[in-house]
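Reader: I am new to this structure and would like a close look at one buried part of it. Please start there, and then work outward through the parts that help a newcomer find the way.

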Amino acid sequence: MDPNGLKTGGLLLPTIERRCTSPPSVIVIGGGISGVAAARALSNSSFKVTVLESRDRIGGRIHTDNSFGCPIDMGASWLHGVCNENPLAPLISYLGLRLYRTSDDNSVLYDHDLESYALFDKDGNQVPKETVDKVGETFERILEETVKVRDEQEHDMPLLQAISIVFERHPHLKLEGLDDQVLQWCVCRLEAWFAADADEISLKNWDQERVLTGGHGLMVNGYYPVIEALAQGLDIRLNQRVTEITRQHNGVKVTTEDGTSYLADACIISVPLGVLKANVIKFEPELPQWKSSAIADLGVGTENKIAMHFDRVFWPNVEVLGMVGPTPKACGYFLNLHKATGNPVLVYMAAGRFAQEVEKLSDKEAVGLVVSHLKKMLPDATEPVKLIYFELVSMKVVHVADAFAFGVVCCRRSTWCRDGAPTPTPWGPTRATWSRSRPTCARGSPPPSRTCTSPARRPVPSTRGPCTAPTRRASPLPRNAGSGSWR
Ligand SMILES: Cc1cc2nc3c(=O)[nH]c(=O)nc-3n(C[C@H](O)[C@H](O)[C@H](O)COP(=O)(O)OP(=O)(O)OC[C@H]3O[C@@H](n4cnc5c(N)ncnc54)[C@H](O)[C@@H]3O)c2cc1C
């Protein structure tokens, strides 16, 4: 037990004895969960903290949209590892937020196991469960064989290349027809976990991540309450895009786009990797070579979400609806939120290069693509009543593929009506482009240290449905916030 809330969940720092009278000051750049959590920890330890956030909202890649009349997470939506070791789990439990378990530890497909799903071919025929189970086993076998390839190789290679080597060595693992299409769907899901294509995922590193135990829980009421709780009482300045960070002899000067300067003893930079890669923040003096090389060598992936609200549920009562296809790109993935939340909502997710291609489509084309996928699977599908799309108005300075991780300046939500016409906004039509910045390893580049990874999963029987985060023992919230009562 940790009655002072000093260590719980890793969100708080130990109390620091101070010799000086005024508290040390820190500027936190970026109001996503990492920045807000850092600011919370520092503030709880009596630092003077100011958060500078470029958007007109906090949360960054956590963004819960309420335009359907129910919370929909357009960024992060799962708690991966529902256990006390996960610093967020006790907080979620303390706040009384519900989680819906989509898979246990060691599931084949990361945040989903192959249990509550319905896969269809492009003609709307449902793939038999036995086929999916059988292919799931083959998929695991292939991944195990890639580990042997890795052990023989001195140099890194893309995971896709290793899979080709496995097929050469074990031709019986290469599948055909419908089996192959289901296998491609499994690869599609793997790519979604990394938000990158298999030819960009590092063989050396892909399974090195230590995923916390406890299974994967979907935030039924959205992630925003977590951000909101952590941000309580903090000094947060919105619409403050940092453009320059200057180290001075007694501290740091942080300058924003509108020319405002902030001084502090130190600063914490929590902007996405994509922002650092785009060099839109000037460092004075320049960052050391080892740091800028690390920034350059790490990759970021792309993931898009399109949420659709229907007037009735016409799909099977499963967590995942999927369309299999001859390539991972041709496959589709719909998360059925009705199963977890009771709301008639499907969320389409695209990842990797396919997600980047979706970003290039016009709004109408992107919606058409998603709805056509749905109608192929379920010919009786109705048109969505509403859609959530996001326009990410990126800084024009540099164009990078992953607008989200690039840390776009602002994000406009638009609700679409049945006729497909977007609600007009001052910025014109809107479209969703959320990039998940899970690090990936670019082909040919040296593998960055153990970052772009996830363990090979083994299917285990899972308990589906509602689950609870571990018991909260102490609040990580500000010491004077609320009653701090235990739940
Ligand atoms: C579609 C999608 C789904 C995801 N699903 C999950 C999931 O289910 N579970 C999970 O655990 N993770 C998930 N992730 C990943 C998770 O969302 C991120 O790892 C996490 O939110 C990153 O938090 P962060 O604070 O590091 O960065 P961010 O949330 O990106 O925060 C950085 C902040 O910095 C701001 N900023 C950028 N540039 C500047 C500047 N120059 N000056 C000031 N501020 C700036 C940005 O506006 C942003 O608010 C998902 C991500 C995406 C995109």
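Author: Start with Tyr348, which counts as buried because it has 24 C-beta neighbours inside 10 Å. The cut-off for that label is 20 or more other C-beta atoms within that distance. The model is predicted, and the description below should be read with that in mind.

Tyr348 sits in strand 18, which spans residues 345–351. In the UniProt record, an unreviewed entry, the annotation "binding site" covers Tyr348. Such an annotation may be inferred rather than shown by experiment. Leaving aside residues up to four places away in sequence, Tyr348 touches Ile306, Phe334 and Val370.

One of these contacts, Ile306, leads to the neighbouring strand. Ile306 has Tyr348 as its bridge partner in strand 18. Strand 15 and strand 18 run antiparallel and are joined by seven bridges. Strand 15 covers residues 303–309, and seven of its seven residues are buried. In a regular strand, side chains alternate between the two faces of the sheet. In strand 15 both faces are covered. On one side the buried residues are Glu303, Lys305, Ala307 and His309. On the other side they are Asn304, Ile306 and Met308. The bridge partner of Tyr348 therefore belongs to a strand that is mostly covered.

A helix gives a second case of burial. Helix 6 runs over residues 224–231 and is largely enclosed by the rest of the structure, because six of its eight residues are buried. The buried residues are Tyr224, Val226, Ile227, Ala229, Leu230 and Ala231. The cover over them includes two helices, helix 1 (33–44) and helix 2 (88–94). It also includes two strands, strand 3 (64–65) and strand 9 (235–237). Just after helix 6 comes Gly233, with a positive phi of about 80°.

Next is a sheet. Four strands form an open sheet in the order 12-11-10-14, with mixed pairing. Its edge strands are strand 12 and strand 14 (282–284), each of which pairs on one side only. From one strand to the next, the twist averages 15°.

Within this sheet, strand 10 (residues 242–248) pairs with strand 11 (residues 251–256) in the antiparallel sense, over six bridges. These two strands form a hairpin with two residues between them. Gln248 in this pairing stands opposite Gly251 of strand 11. Strand 11 also runs antiparallel to strand 12 (residues 261–264), and four bridges join the two. Thr255 has Ser261 as its bridge partner in strand 12, and Val252 has Ala264. The hairpin of strand 11 and strand 12 has four residues between the strands, and there Gly259 takes a positive phi near 90°.

Some backbone details remain, and they fall in loops. Most residues other than glycine have a negative phi, and most peptide bonds are trans. Ser46 is not a glycine, yet its phi is positive, at about 75°. Ser46 lies in the loop between helix 1 and strand 2 (48–52). Ser46 counts as partly exposed because it has 14 C-beta neighbours inside 10 Å. Asn279 is another residue other than glycine with a positive phi, here near 55°. It belongs to the loop between helix 7 (273–277) and strand 14. Asn279 is likewise partly exposed, with 14 C-beta neighbours inside 10 Å. The label "partly exposed" lies between the limit for buried, 20 or more, and the limit for exposed, 12 or fewer.

The peptide bond between Glu284 and Pro285 is cis, with omega of about -5°. Pro285 lies in the loop between strand 14 and helix 8 (289–297).

Finally, there is a residue in helix 3. Asp133 is found in this helix, which spans residues 129–152. Asp133 is partly exposed, with 14 other C-beta atoms within 10 Å. Asp133 and Glu115 are 18 residues apart in sequence, and their C-alpha atoms are 8.9 Å apart in space.

To return to the starting point: Tyr348 is buried, lies in strand 18, and is paired with Ile306.

Definitions and conventions
Residues are numbered from 1 along each chain as its sequence is written. This is a predicted model: local features need pLDDT of at least 70, side-chain atom pairs count only at pLDDT 80 or more; totals for chains, interfaces and linings use all residues. Two strands pair if DSSP finds at least two bridges between them. Two residues are in contact if their C-beta atoms, placed from the backbone, lie within 7 Å. Axes are lines fitted to C-alpha atoms, for helices over the stretch in contact, and angles run from 0 to 180 degrees between N-to-C directions.
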